[in-house]
Amino acid sequence: MLLIRNGYMIDPKSGREGNYDILIEGDKITKIGTKLPDQGEKCQVIDAEGLLVAPGLVDVHVHFREPGFTRKENIDTGAAAAAKGGFTTVVMMANTNPPIDSAEVLRQVLDRGRETGIHVLSCANVTMGMKGRELTPMKELAALGASGFTDDGVPLLEEEIVRSAMKAAAELDLPLSFHEENPKFIENNGIHRGKASEYFGIGGSPREAEIDMIGRDLELALETGACINIQHISTKEGVELVRQAKKKGSNIHAEATPHHFTLTEEAAIRYGTLAKMNPPLREEADRQEIIRGLADGTIDIIATDHAPHTAEEKAGTITEAPSGIIGLETSLALGITELVGGGYLTVKQLLRLMSANPAAMYRLDAGFLEEGGPADVILIDTNREWMPETYASKACNTPFTGWKLKGRVVETICGGKIVWKE
């Protein structure tokens with residue numbers, strides 16, 4: 001048993017907050033109340049005085065690189081990074097090698113996930129080999145435990161394939177997540193076509209690449225009734241397209257990453273390949289519209305797009321180095337620093353975007369605190385100032401190393417067990 005005492009609890013799903021104790025027995029919360037009595041010597045007491053007690057965070061967009069790219073990350077190190085960042089549930093993307101387009105590979109990654117201290121789930125691919133031509137056996141993969149479907153990293157270009165995938169996913173009541181970049185517009189990926197591309201003397205990636213595909217997929221989602229997630233949105237126009245689509249259908253979702261609500265293309269100029277990602281960092285007006293979208297509910301999920309790469313890979317030229325940054329260990333602090341500290345969101349709203357909302361879209365039993373619910377709990381020092389310097393991830397490809405951030409996870413409990421403690 002665990003008894004968490006003296007903390008300030010926020011449950012973003014119900015809106016309940018206040019000074020509560022939480023009693024955990026096994027992998028469930030059995031009691032939430034004020035001044036709960038001692039439970040005897042067999043109960044471990046955690047004093048949360050001065051700390052925020054919140055549900056374990058849920059990240060529905062991570063790359064753990066297993067199988068095939070384990071020099072960058074593996075499921076064990078990815079899970080360790082997640083626990084350190086306060087995440088008790090993550091959903092892996094399927095762009096592995098081999099990709100997660102078969103029962104065999106899906107079983108492999110889910111079995112590996114069960115060996116970690118947190119809930120490591122996985123999407124399966126939308127198309128075989130991520131080639132965009134033939135749908136995977138979606139019904140079979142769903143029955144085996146796929147949390148959703150995505151070819152993230154590769155956009156789906158054929159409209160009829162997308163329509164068929166949406167119809168199938170709607171029947172299965174599972175979400176589809178879309179990487180929205182049309183390659184016909186892009187000369188060099190990872191760098192915004194504008195000030196940053198001019199600085200590097202390359203063609204870059206224009207905003208039209210994202211706008212074009214978001215518009216198409218929103219129309220198809222409204223036509224089919226599918227639940228879709230517009231991943232890592234980066235343009236002000238894309239945010240507005242989602243805003244208008246949400247007025248017509250309730251199954252439209254969108255996610256923003258901490259790097260897109262914190263940084264602009266200026267960071268690409270300053271940090272080079274450490275700030276290269278797909279879609280790229282864009283202009284200040286785009287960043288502000290993403291923040292506005294988070295505040296008004298247009299964007300209902302914050303996800304990290306945790307994308308580890310080796311130092312040798314990121315040491316390449318701006319056109320040769322791979323896109324992506326790690327994010328699990330800095331995302332909550334960036335939200336507290338940039339969004340709460342900037343006066344755009346309350347802590348409860350931030351937690352909803354990082355726990356209850358993504359859990360609801362993926363139909364997960366996670367992201368809330370209530371009696372009988374999962375014993376996935378984090379303790380946060382919201383006033384703690386710190387600087388990221390070392391990581392539990394295998395990788396360190398991030399521009400946020402050395403930044404002064406506010407808000408630190410000091411303890412992570414998953415399934416009733418302490419899986420991270422400072």
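Is Tyr-199 buried or exposed? With a relative accessibility of 53%, Tyr-199 counts as exposed, where exposed means over 50% relative accessible area, buried under 20% and partly exposed in between (1.4 Å probe, protein chains only).

Before going on, a word on the model. This is a predicted model, in which local features need pLDDT of at least 70 and side-chain atom pairs count only at pLDDT 80 or more, while totals for chains, interfaces and linings use all residues. Residues are numbered from 1 along each chain as its sequence is written, and side-chain values use heavy atoms, with hydrogens and water left out.

**Aromatic rings**

The structure holds 2 aromatic pairs. Rings of Phe, Tyr and Trp (its six-membered ring) pair if their centres lie within 6.5 Å; planes under 30 degrees apart count as stacked, over 60 as edge-to-face and the rest as tilted. Tyr-199 and Phe-200 have ring centres 4.9 Å apart and planes at 85°, so this pair is edge-to-face. Phe-200 is partly exposed, at 23% relative accessible area. The rings of Phe-400 and Trp-403 also have centres 4.9 Å apart and planes at 85°, so they too are edge-to-face. Here Phe-400 is buried, with a relative accessible area of 1%, and Trp-403 is partly exposed at 22%.

Rings also meet charges. A charge sits over a ring if NZ of Lys or CZ of Arg is within 6 Å of the ring centre and within 35 degrees of the ring normal. Arg-16 lies over the face of Tyr-20, 4.4 Å from the ring centre, and Arg-408 lies over the face of Trp-386 at 4.1 Å.

**Strands**

Helices (H or I, at least four residues) and strands (E, at least two) are DSSP runs, numbered from the N terminus. Ile-4 sits in strand 1 (residues 2–10) and is buried, with 1% relative accessible area. Among the residues that Ile-4 touches, beyond four places in sequence, are Tyr-20, Ile-22, Val-53 and Ile-413; contact means heavy atoms within 4.5 Å. Ile-4 and Val-53 are 49 residues apart in sequence, yet their C-alpha atoms are 8.7 Å apart.

Strand 2 (residues 17–25) runs antiparallel to strand 3 (residues 28–33), joined by 5 bridges; two strands pair if DSSP finds at least two bridges between them. Leu-23 has Lys-31 in strand 3 as its bridge partner. The hairpin has 2 residues between these strands, and Gly-26 takes a positive phi near 65° there.

**Salt bridges**

Side chains of opposite charge can pair when their charged atoms come close. The count comes to 27 salt bridges, each a side-chain nitrogen of Lys or Arg within 4 Å of a carboxyl oxygen of Asp or Glu. Three of them are set out here.

| Acid | Base | N to O distance |
|---|---|---|
| Asp-76 | Arg-112 | 3.3 Å |
| Asp-286 | Arg-207 | 2.8 Å |
| Asp-217 | Arg-216 | 2.8 Å |

Asp-76 lies in helix 1 (residues 75–85) and Arg-112 in helix 2 (residues 103–114), so their bridge ties together parts 36 residues apart in sequence. Asp-76 is partly exposed at 39%, whereas Arg-112 is buried at 17%.

The bridge between Asp-286 and Arg-207 links helix 10 with the loop between helix 5 (195–200) and helix 6 (208–224), 79 residues apart. Both Asp-286 and Arg-207 are buried. Besides Arg-207, the contacts of Asp-286 outside its neighbours within four places include Ser-234 and Lys-236.

Asp-217 is buried at 0% relative accessibility, and Arg-216 is buried at 15%. Finally, Glu-240, Arg-243, Glu-289, Arg-292 and Asp-296 are linked in a network of salt bridges.
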